[in-house]
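The questions below ask how certain labels are justified. Each answer sets a value against its definition.

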Amino acid sequence: MQAESHRSEVRLTGIASSAGVARGPAYVLFRGMALVPCLENQDPEAEIRRLDAAISAARADVIKVRDEVAARLNDAEAQIFDAQLLVLEDVALLDDVMGRVRSSRRNIEYCFKESAQHYVGLFESMESEITRGRAADIRDVTGRVLDHLLGARPANGALSGGGRVLVARDLTPSDTVHAESAGIVGFVTEEGGRTSHSAIMARALGIPSVVGVTGLMAAVADADLVLVDGEDGLVIVNPSPQTLESYRARELVIRTRRDRIMSEVGLEDVTLDGVRFELRANIGGPSDMEDVRSFHVRGVGLYRTENLYLTIDDWPSEEQLYREYSEVIRQAGGSPVTFRTLDLGGDKRLGVLEPEDNPFMGFRAVRLCLAHPEVFRPQLRAIIRAAQHGPVSIMFPMISGVEEMLAAKAAYREAEAGLASEGVRPAHRVRLGAMIEIPSAVAVAERLARECDFFSVGTNDLVQYLLAVDRGNRKVASLYDPCHPAVVQSLRAIFSAAGGAGIPASVCGELGGDPEWAPLLLALGAVELSMSPSAIPDVRFLLRHCQRPELDALAQRVLASPDAARTRAVLRDFVNTKLGPR
Ligand code: PEP
Ligand code: MG
């Protein structure tokens with residue numbers, strides 16, 4: 001008798017980006033787009049008619065792009081799109097899809113995705129580079145067809161993601177949001193780093209995730225069992241029965257620790273020896289306010305306002321902004337809300353903006369807003385109008401020096417004066433602050449502090465720009481090291497400049513919600529830490545179990561540490577003594 005077949009276990013390592021352990025069948029995301037619904041008992045002929053319509057629409061898209069490219073570049077580039085048009089007529093692919101629809105009676109999106117994925121895999125595994133290049137064409141053009149299918153009938157049925165682990169080359173923040181509603185239990189991506197926006201979203205959702213996993217897409221097929229260890233940055237494909245057994249014990253330890261931590265989630269933010277600290281939430285919009293309440297967070301320290309622009313992929317009207325902002329302030333129930341003005345650019349791109357060769361250094365954030373008052377003014381007006389309903393602070397992203405801060409403040413004052421002449425005034429004075437995330441701002445922090453009501457340190461970008469390491473590139477992820485002495489010294493300089501000017505400094509980058517970093521940041525002089533609501537329980541528990549003298553001793557040890565490795569060890573030891581080994 002033949003033994004039961006079990007595909008062999010494969011272990012892949014990546015970057016632990018959201019804690020916890022999850023397991024489930026893989027859901028391999030094709031092209032990094034919204035999840036595809038799986039609906040049963042459909043009428044195959046009606047589904048095939050929908051496919052015909054989507055293919056016609058995709059063909060029209062490709063022809064349009066081809067003609068534009070031919071006009072701007074030349075015919076050789078345009079021929080790439082002729083190859084894509086041939087994919088849309090490929091008999092083998094279309095027969096395969098129709099066969100799947102008729103035999104399974106599932107919806108066309110689902111069957112089309114399965115076939116397309118099969119063909120991409122086939123071409124990717126071939127020897128010849130030209131044939132492998134064809135896989136990219138198939139991926140691109142079939143993605144277009146899927147976009148039309150999904151657009152034509154939004155995913156209103158049961159999504160097929162429930163209980164599954166999402167596996168993708170990379171995820172956009174909106175993919176991540178869709179995944180939540182689909183009941184995804186874990187994320188794994190081949191690209192990305194701990195502070196890329198999809199990783200931040202995964203942490204916000206409290207879903208275990210590992211990013212930057214080399215070889216992932218080649219190792220996982222749809223429906224493979226995948227175990228995601230978001231504590232150690234490990235992904236195990238088709239785990240053996242022994243591995244599953246050992247993980248059951250590990251999951252129990254993690255759950256017990258979690259219960260202990262959650263037992264203090266509703267308690268005060270005060271250290272063992274009575275020193276108060278402030279914990280606030282990083283949010284992307286009103287839908288995050290439920291988490292803010294459930295994790296007992298008192299106020300918003302970073303409202304990433306660009307999310308609305310990215311979701312609609314356009315410029316929202318002042319009214320639309322006002323409605324959304326008022327809703328957040330209403331839900332904050334009198335706690336302060338810190339708005340970060342529009343931070344587009346880098347990996348947060350709007351379709352209407354021109355592509356750039358180096359977007360992380362490009363026309364972005366406050367630079368874009370100052371150059372486009374027609375974009376900045378409606379946002380500032382909407383925030384000031386919403387500030388009639390509760391306490392508000394505003395901070396400007398990517399401030400590089402004093403002049404930029406003065407220009408941003410002038411734009412604010414102009415909007416404020418305009419509204420005052422209409423009889424609209426904020427309920428409380430609006431505090432204006434700078435995000436400190438560009439090294440030049442650190443260098444002039446003392447002068448800058450005199451122009452600000454507060455600083456908020458964006459460590460995600462600060463580390464990236466200080467060390468010249470792309471925060472989303474897995475190839476340099478090991479160099480993205482907040483323990484680098486340059487980062488520690490910069491943080492000290494920022495907090496000391498803020499203290500000298502008598503203004504508060506907070507940290508809203510991911511280090512603020514990292515249990516290894518939170519004690520050090522307080523010790524170095526931060527008065528507020530802002531983080532994903534799901535990070536609050538660990539940080540609150542940890543800080544509540546600290547005393548001020550031991551925090552000061554921690555800062556002294558780190559400042560005296562000769563290198564990043566020693567700093568890492570000091571931080572880890574400290575947290576392990578408080579929370580137990582992780
Ligand atoms: C940061 O850079 O640390 C930050 C909070 O902003 P974002 O991650 O949105 O760039
Ligand atoms: Mg930033």
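Donors are N, O and S atoms within 2.8 Å of the metal (3.2 Å for Na, K and Ca); water is not among the atoms, so sites may look incomplete. This is a predicted model, in which local features need pLDDT of at least 70 and side-chain atom pairs count only at pLDDT 80 or more, while totals for chains, interfaces and linings use all residues. Residues are numbered from 1 along each chain as its sequence is written, chains are lettered from A and ligands numbered from 1 in the order in which they are written, and side-chain values use heavy atoms, with hydrogens and water left out.

Q: What makes Glu-437 and Asp-461 donors to the magnesium ion (ligand 2)?
A: Glu-437 (OE) and Asp-461 (OD) coordinate the ion at 2.0 to 2.2 Å, and the limit is 2.8 Å.

Q: Why is Glu-437 called buried?
A: Buried means under 20% relative accessible area, exposed over 50%, partly exposed in between (1.4 Å probe, protein chains only). Glu-437 has 2%, so the label buried applies. Asp-461, at 4%, is also buried.

Q: How do you know that the side chains of Ser-561 and Thr-567 make a polar contact?
A: Their distance is 2.7 Å. A polar contact is a pair of N or O atoms within 3.5 Å; within protein, one must be able to donate a hydrogen and the other to accept it, and residues adjacent in sequence count only if both atoms are side-chain atoms.

Q: Why does Ser-561 count as buried?
A: Its relative accessible area is 12%, so Ser-561 falls under the 20% limit.
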